[in-house]
Amino acid sequence: MQLRNIRHVNRKRCHLVSAKGILKSPDADVWHTYWRDPYHLLLLIPWPGFLLLIIAIYGLLNAGFALIYLVGGGIANAQTHDFWDAFFFSVQTLTSIGYGVMYPQTPFANTAAAVEALVGLVGFALVTGLAFARFSQPTARVIFSNFAVITPYNGLPTLMFRVANQRGNQIVEAQIRAYLLRDEVSAEGQFMRRLYPLRLLRSQAPAFALTWTAIHPIDTESPLKGQTAQSLVQLRAQVVISLSGIDETVAQAVHAQYLFHSEEILWNCRLMDIIHETPAGECYIDFTHFHDVVPLQALA
């Protein structure tokens with residue numbers, strides 16, 4: 001029996017490397033790996049690279065049409081075999097400037113100018129759309145504490161980490177989700193990376209404006225129950241954080257993610273207090289100690 005209409009997909013091999021004991025792809029989230037997807041590449045490339053790319057394409061288009069005009073001729077008031085006259089006539093045609101000093105006077109030159117004008121219209125529309133898409137991408141300027149801590153809280157060991165909104169506006173209907181990612185081997189000996197949700201005491205807020213301390217009690221139902229600092233390292237564990245909400249300024253969904261490696265989860269420590277009170281009774285937040293932690297022994 002013959003099999004017909006089978007599509008063979010050439011897939012790139014994904015080479016994994018170990019960083020801090022964690023397996024990851026070295027090309028993950030790198031803009032130049034999107035070369036097979038031009039739209040996403042142009043959205044992810046840094047702004048200097050985007051502008052240089054537009055300038056390069058603009059110059060190459062004009063140079064290409066200049067060569068066409070040099071070969072075919074037919075440009076009034078242009079010096080014969082002068083590349084720069086042909087180049088700047090191309091610039092005037094592509095951008096629809098049309099000063100009138102140089103103009104096409106043969107069928108060949110008129111046809112080439114018509115094609116170039118069409119290329120200019122489509123090109124400027126594409127560049128405008130891409131620039132707008134880049135500017136309009138909503139981003140969440142959110143920072144996460146450098147460390148998560150496991151400290152006693154209400155009689156239970158508790159995982160805590162801190163988040164802050166760097167903008168002066170609010171993220172409404174904010175949600176935080178936390179997950180434990182760890183190595184696991186099934187009863188059949190199959191290796192896999194498993195993801196377990198970590199229940200937070202408060203995972204939603206009507207508005208997120210300043211700071212948010214996420215709290216996960218390590219009770220009998222917690223995936224962290226019975227784990228130690230050493231066991232988390234052996235399991236190559238990570239705590240995956242996902243924050244999402246709606247930016248009140250642009251009314252669009254925003255999101256942010258963060259990973260705490262096992263070495264960044266500090267045991268028997270607590271986050272330093274950043275909310276203080278003035279002698280006048282007013283509260284303020286001291287962000288200079290946002291990432292600081294304090295060992296519990298130092299508080300004894």
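This passage describes membrane-annotated segments, ring contacts, charged pairs and strand pairing in a predicted model.

The UniProt record, an unreviewed entry, places the feature "transmembrane region" at residues 45-71, 83-102 and 108-133. The model can be set beside two of these segments. Over residues 45-71 the chain is 93% helix and 0% strand. The end C-alpha atoms of that segment are 36 Å apart. Over residues 83-102 the helix content is 60%, again with 0% strand. Here the end C-alpha atoms are 14 Å apart.

Aromatic rings come next. The structure holds 13 aromatic pairs. One of them joins tryptophan 47 and phenylalanine 135, with ring centres 4.9 Å apart. The planes of these two rings meet at 40°, so the pair is tilted. This contact links distant parts of the chain. Tryptophan 47 belongs to helix α2 (residues 47-72), whereas phenylalanine 135 belongs to helix α4 (residues 107-135), and 88 residues separate them. Tryptophan 47 is partly exposed, because its relative accessibility is 31%. Phenylalanine 135 has a relative accessibility of 65% and therefore counts as exposed.

A second pair brings together tyrosine 69 and phenylalanine 89. Their ring centres are 5.1 Å apart. The angle between the planes is 75°, and the pair is edge-to-face. Tyrosine 69 lies in helix α2 and phenylalanine 89 in helix α3 (residues 83-94), 20 residues apart. Tyrosine 69 is buried, because its relative accessibility is 2%. Phenylalanine 89 has a relative accessible area of 3%, so this residue is buried too. Elsewhere, ring pairs link Phe83, Trp84, Phe87 and Phe88 into a cluster.

Charged side chains also meet rings. Arginine 134 lies over the face of tryptophan 47, at 4.2 Å from the ring centre. The charged end of arginine 162 sits over the ring of phenylalanine 290, 5.4 Å from its centre.

Side chains of opposite charge can pair when their charged atoms come close. The model has seven salt bridges. Among them is a network that links Arg182, Glu184 and Arg194. In this network, arginine 182 and glutamate 184 meet with an N to O distance of 3.8 Å. Glutamate 184 and arginine 194 meet at 3.2 Å, N to O. The contact between glutamate 184 and arginine 194 links strand β8 (residues 171-185) to strand β9 (residues 191-198), with the two positions 10 residues apart in numbering. Arginine 182 is buried, because its relative accessible area is 17%. Arginine 194 is partly exposed, because its relative accessibility is 31%.

Another salt bridge joins arginine 199 and aspartate 219 at 3.1 Å, N to O. Both partners lie in loops. Arginine 199 is in the loop between β9 and β10 (204-208), and aspartate 219 is in the loop between β11 (211-217) and α5 (229-234). The two residues are 20 residues apart. Arginine 199 has a relative accessibility of 46%, so this residue counts as partly exposed.

Strand β6 (residues 148-153) pairs with two strands, β14 and β7. With strand β14 (residues 265-267), β6 runs parallel over three bridges. In that pairing, the bridge partner of alanine 148 is isoleucine 265. With strand β7 (residues 156-165), β6 runs antiparallel, joined by five bridges. Isoleucine 150 stands opposite leucine 159 in β7. The hairpin of β6 and β7 has two residues between its strands. In this hairpin, asparagine 154 takes a positive phi near 55°.

Note on methods
Residues are numbered from 1 along each chain as its sequence is written. This is a predicted model: local features need pLDDT of at least 70, side-chain atom pairs count only at pLDDT 80 or more; totals for chains, interfaces and linings use all residues. Side-chain values use heavy atoms; hydrogens and water are left out. Two strands pair if DSSP finds at least two bridges between them. Helices (H or I, at least four residues) and strands (E, at least two) are DSSP runs, numbered from the N terminus. UniProt positions are given in the numbering used here, feature names are shortened, and annotations may be inferred rather than shown by experiment. Rings of Phe, Tyr and Trp (its six-membered ring) pair if their centres lie within 6.5 Å; planes under 30 degrees apart count as stacked, over 60 as edge-to-face and the rest as tilted. Buried means under 20% relative accessible area, exposed over 50%, partly exposed in between (1.4 Å probe, protein chains only). A charge sits over a ring if NZ of Lys or CZ of Arg is within 6 Å of the ring centre and within 35 degrees of the ring normal. A salt bridge is a side-chain nitrogen of Lys or Arg within 4 Å of a carboxyl oxygen of Asp or Glu.
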